[in-house]
Amino acid sequence: GEGQEGGGTNNAASGNDMDIRAAASAAAAGLRVVDGVRMLGPSLSKLCEISNIPGLRPTLLDTTIASALCISLHRSTVKNCSKTLENLARAIQLDPLDGPRHRPIDARVATISSDVVHAIRVISPFVSAYKSVSKRRALPWDPNIGENAGEMDTFVRFLIKQLSISLSGKAQNYKNDEGLDSQAKSHLFMMNNTFYLLELLAPNGVFGGSADGGENYRINAPWFKQKMTKSFESEKAKYLTYWEVLNSHLTNVDDGQLNYQSKKDVLSLDSGRLLKSRFSGFIEDFERVYVVHRNFTVIDPKLREMLQGDIRRVFLSRYKAFFDKYSRIQFSKKNMENYLKYPPQKLDSLIGQLYAMQ
């Protein structure tokens, strides 16, 4: 469900007037009341008819009273509902950019993402009620009224836009943190959140792209999948650059640079230093990168496996070829095991341990 990813989804006050889940419940209730009042009109007219003295036909005044009552009720419920919709958008806008609940220390999915998924799902069934409101009220995200007023998708798009702005602000604040991991954490945070939103709201095979309301609701309009995928791929490319630095140590050494001592199987001192610097440089950079990234969390197993695979593709096959070729050469008299401390299968295992839940 949408709650598992966030750093807890309790409804404790978040520093703004109303938290997102409470605001979503109020908006759904407002839309439900609008639906109810829309269906009340005929019933009110009927009540006015049977309230008259038996045998007398209802007068024009009775009909007018029923009509006026319906119009008044509808107008006030539409007005109140529009306020609940605005409050929901505002609750997303005002979600704090800092604090462990809002910006998780290990860059996992933020609570706001699961809260917004929940919000969209609880309001999504009320398509007709939303249109009834948007036709009669100019809304901050949709100033048009009448037949030009937007559908539910217009509101959902605005909520996703506010969520994206909030996530970007949180990601920027990671970059402002001290520490070697601040930039990388920012990219992983955005990847975690955009992947989560794609998994829960983009059309997929399981639901066949169904746009039904409720738990199965998916955003069918192309803009959503395009926007989230573009953000995810951009952040992933930036994130993987932290691993690409390892390739700088794995270029082939020209055979002409490998000179052997009188014993054919032992390299000369200078040639030995050349390979020592390659292996030691790789080890130093790998340990520096790994110690930072092992503290990050990716809860979704599909994303975790995808990222581990991407990291392997960045450097592991090249490292394996480098290791296989040069580990056979005796380039250090006493410390070969120090330079060969990471055989490829050991690196593969270490990569497989990344992003586990802390």
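Modeller: A residue is called buried under 20% relative accessible area, exposed over 50%, and partly exposed in between. The model discussed here is predicted.

Colleague: With that in mind, is Arg 288 buried, exposed or partly exposed?

Modeller: Arg 288 has a relative accessibility of 42%, so Arg 288 counts as partly exposed.

Colleague: Which residue does the side chain of Arg 288 meet in a salt bridge?

Modeller: The partner is Asp 285, at 3.1 Å from N to O. The two residues are 3 residues apart in helix α9 (residues 269-293), so about one helical turn separates them. Asp 285 has a relative accessible area of 13% and is therefore buried.

Colleague: Which residues are joined into one network by salt bridges that share partners?

Modeller: Glu 233, Lys 236, Asp 310 and Arg 313 form that network. Within it, the side chains of Glu 233 and Lys 236 meet at 4.0 Å, N to O. Both lie in helix α8 (residues 222-244), about one turn of the helix apart. Glu 233 counts as partly exposed because its relative accessibility is 39%, whereas Lys 236, at 11%, counts as buried.

Colleague: Changing topic, how many salt bridges does a search of the whole structure find?

Modeller: The search finds 16 salt bridges. One of them pairs the side chains of Asp 115 and Arg 21, at 2.6 Å from N to O. Asp 115 belongs to helix α4 (residues 111-123) and Arg 21 to helix α1 (residues 20-38), so this pair ties together parts 94 residues apart in sequence.

Colleague: Are Asp 115 and Arg 21 buried or exposed?

Modeller: Asp 115 and Arg 21 are both buried.

Notes. Residues are numbered from 1 along each chain as its sequence is written. This is a predicted model: local features need pLDDT of at least 70, side-chain atom pairs count only at pLDDT 80 or more; totals for chains, interfaces and linings use all residues. Side-chain values use heavy atoms; hydrogens and water are left out. Helices (H or I, at least four residues) and strands (E, at least two) are DSSP runs, numbered from the N terminus. Buried means under 20% relative accessible area, exposed over 50%, partly exposed in between (1.4 Å probe, protein chains only).
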